[in-house]
Amino acid sequence: MAWSHHSCTTQSCFLQQNTKIQFVAALLIQRWYRQYVARLEMRRRCTWNIFQSIEYAGEQDQIKLYNFFGYLMEHFTPASSERSLISHIFRENDVVHDTEWERYFCYKSIEVSHGYHGPHLTFPMTFCEASKLVEAFKHKQLLHSRYVLQLLGEAWKLLRILPNINHVSTCHSKEITICGDLHGQLEDLLLVFYKNGLPSSEKPYVFNGDFVDRGKSSMEILLILFAFLLVYPNGVHLNRGNHEDHIVNLRYGFTKEVLGKYRVHGKKILKLLQKMFSWLPLATVIDGKVLVVHGGISDTTDLNVIARMERHKVNHSAEPSEPVRRFPDPSLRTPKNSLIFGLTAATSRFWKSVPYDITGGRVHLDVVDTPTHDRRRDGPLTMGLWPFQMVDLLWSDPMAQDGCQPNQVRGGGCYWGPDVTEEVLGRHHLQLLIRSHECKQDGYEFCHNRRVLTLFSASNYYEVGSNRGAYVRMGPDLVPHFIQYQSSQTCRTLTLRQSIGRTERSALCALREQLFAHKSDLLGAFQHYDPDNTGVISLKHWASAMEGVLKLGLPWRVLRSQLGTSTQDGMLDYREWIQDLLSNASILETMYRNHSNLETIFRIIDTDHSGSLSFEEFRQTWKLLSAHLKTEVDDDAIADLALSIDFNKDGSIDINEFMEAFRLVALAVPS
């Protein structure tokens, strides 16, 4: 009996000790896992910041370039050749009536050849025709330009009778589906239709802008949406986004896509789409309680004013040289460029004296500072404030703190806080604001005490695995139900670590391109912290110089090791680091840094969309850019560059040669 009792005691102690070891092991594993997940989350957030910072910097750069063009339009004489180079991007021939435009866009003279194997459409559109179009695009077929112009023409007629704000209602038998940015990613739209069903009277949709740019299938998305709009005008509601703008399209790919797919009639299609974008509604209100807009609001947002504005005229004012006539109050005067992008005087930057040398002689353009506009200004809103109202809807972003301030990151619209949300929603008896405009990792995100919902429907936006897309279903209770997805099969097989690693590598590659493009400026900033010319600076000074030049708001110290920088005793050899980024700081570096601006100017000057510039036009392109950058570019250097880019030696530079030059420069960028 004693032996048995001793055996039980020993066994009990062993079990207790074993349980304790298991418990400690579980705690250690749990601690390790939490640290592992925390490190992955830190990497994910850092990667996200890189992508978003570079994206917003590009938007800001686009607006600055357009501001510069607007500035030139105000200060050059109407007869000057320089003005004529860019005047067409501002000028809209308002004396031409819509009936005359309809004749210009007529499709009837375009024949469909027997060799065409794509879908054939009949009008008026039916559900069968629209669904046939979806199937054709799913199989990579291209719609004939005759049908494209016919479909767009019919949709344009419908858009012109729609209100600025669509009002829709739910009932017990149907829900409304809301989609955010699609950005030319047809796979996401097809996946939404697969999961949720095609649009119909019983299954209405709201598409919240940014249908185009960045992705490769913007044209197909537009054609599908406009087709279903024709079939179900009360079941499909399209809000305008900030990318439904022909100037933005010059930079972000849609113009290039259309001209590539429709080489013969692409110019006519683009012009028609430009007209259609100006007629897209600006907002949708569901059951009088939920406001759906692309970007957001500001402290001056007034839905009554927005409902009355002539939306198709806001982005196309009459004569650029006389913008102030739209503002009876002198304190509200703002340049032509601000009318287009809605930059308030507080966010616009103007030059006191900009040396502009395009004809061999130097011209000084003197500017008088524009008075700051008070966003909380009392008094009735005139038509002069329509642009501010519209751009706040298309470009604004929410912020955590109270107040309303210019959106310096994007360069347009504003940041608005929770107090503005409460005031605007309360004033209009609304309970929720649904907006898009920002990529979110999970496809959606609440803020402002769940009164603001950001919805983004383009999955894998930055890189495969970078984010999910999402759409919302909303019934009569107006409670949002979220459906998330990722359209790429690749990302479904990746682990969390693999997904973050892939996205991180892509982000760092994009960041290295930015470093290469600014290496001369970086070298100058490093030398500022090295007065004794030792070649080394502290890590603190390195991080300060990086942020001072790139202004991306990134955690540079965290990124140091991933950017190939090594330190010794807390000091960094910046010369060696710069050398690793490449040598030959020259006109090619300037070219690479500003390739988006250059391509935009190229397409602006190429008024006939021929895809080709003469050497003289190329010189003028560079002179416009050098004036924008406020730097001198030697004529001989431009001539040498033109000769080197003209690969086939035909005396002109086509867009393929132009972009090939960027590819060759890019080969030198470390991956």
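Me: What is the strand order in the open sheet of three strands?
Reply: Happy to start there, keeping in mind that this is a predicted model. The pairing in this sheet is mixed. Part of that is the parallel pairing of β9 with β11 (residues 414–416), over two bridges. Read across the sheet, the order is β9-β11-β10.

Me: Why is one side of β9 and of β10 left without a neighbour in the sheet?
Reply: Look at where β9 (397–398) and β10 (404–406) stand. One side of each has no neighbour because each strand has a single partner and stands at the edge.

Me: Which residue in β11 is the bridge partner of Asp 397?
Reply: Asp 397 falls within β9, which spans 397–398. Strand β9 pairs with β11, and there the bridge partner of Asp 397 is Tyr 415.

Me: Are the residues of strand β5 that point either way buried or exposed?
Reply: Ala 283 and Val 285 point one way from the strand, with Thr 284 and Ile 286 pointing the other way. Buried here is under 20% relative accessible area. On both sides of β5, these residues are buried.

Me: Which residue stands opposite Ile 286 in β6?
Reply: Strands β5 and β6 (residues 290–292) pair in the antiparallel sense over three bridges. They form a hairpin with three residues between them, and Asp 287 in the turn has a positive phi of about 55°. Opposite Ile 286 stands Val 290.

Me: How far apart are the end C-alpha atoms of residues 517–552?
Reply: The unreviewed UniProt entry annotates "domain: EF-hand" on stretches including 517–552. Over these residues the chain is 64% helix and 8% strand. The distance between the end C-alpha atoms is 14 Å.

How values were computed: Residues numbered from 1 in each chain as written. Predicted model: local features only at pLDDT ≥ 70, side-chain atom pairs only at ≥ 80, totals over all residues. Heavy atoms only, no water. Pairing = 2+ DSSP bridges. Helix = DSSP H or I, 4+ residues; strand = E, 2+ residues; numbered from the N terminus. UniProt positions renumbered as here; feature names shortened; annotations may be inferred. Buried < 20%, exposed > 50% of the residue type's maximum accessible area, 1.4 Å probe, protein only.
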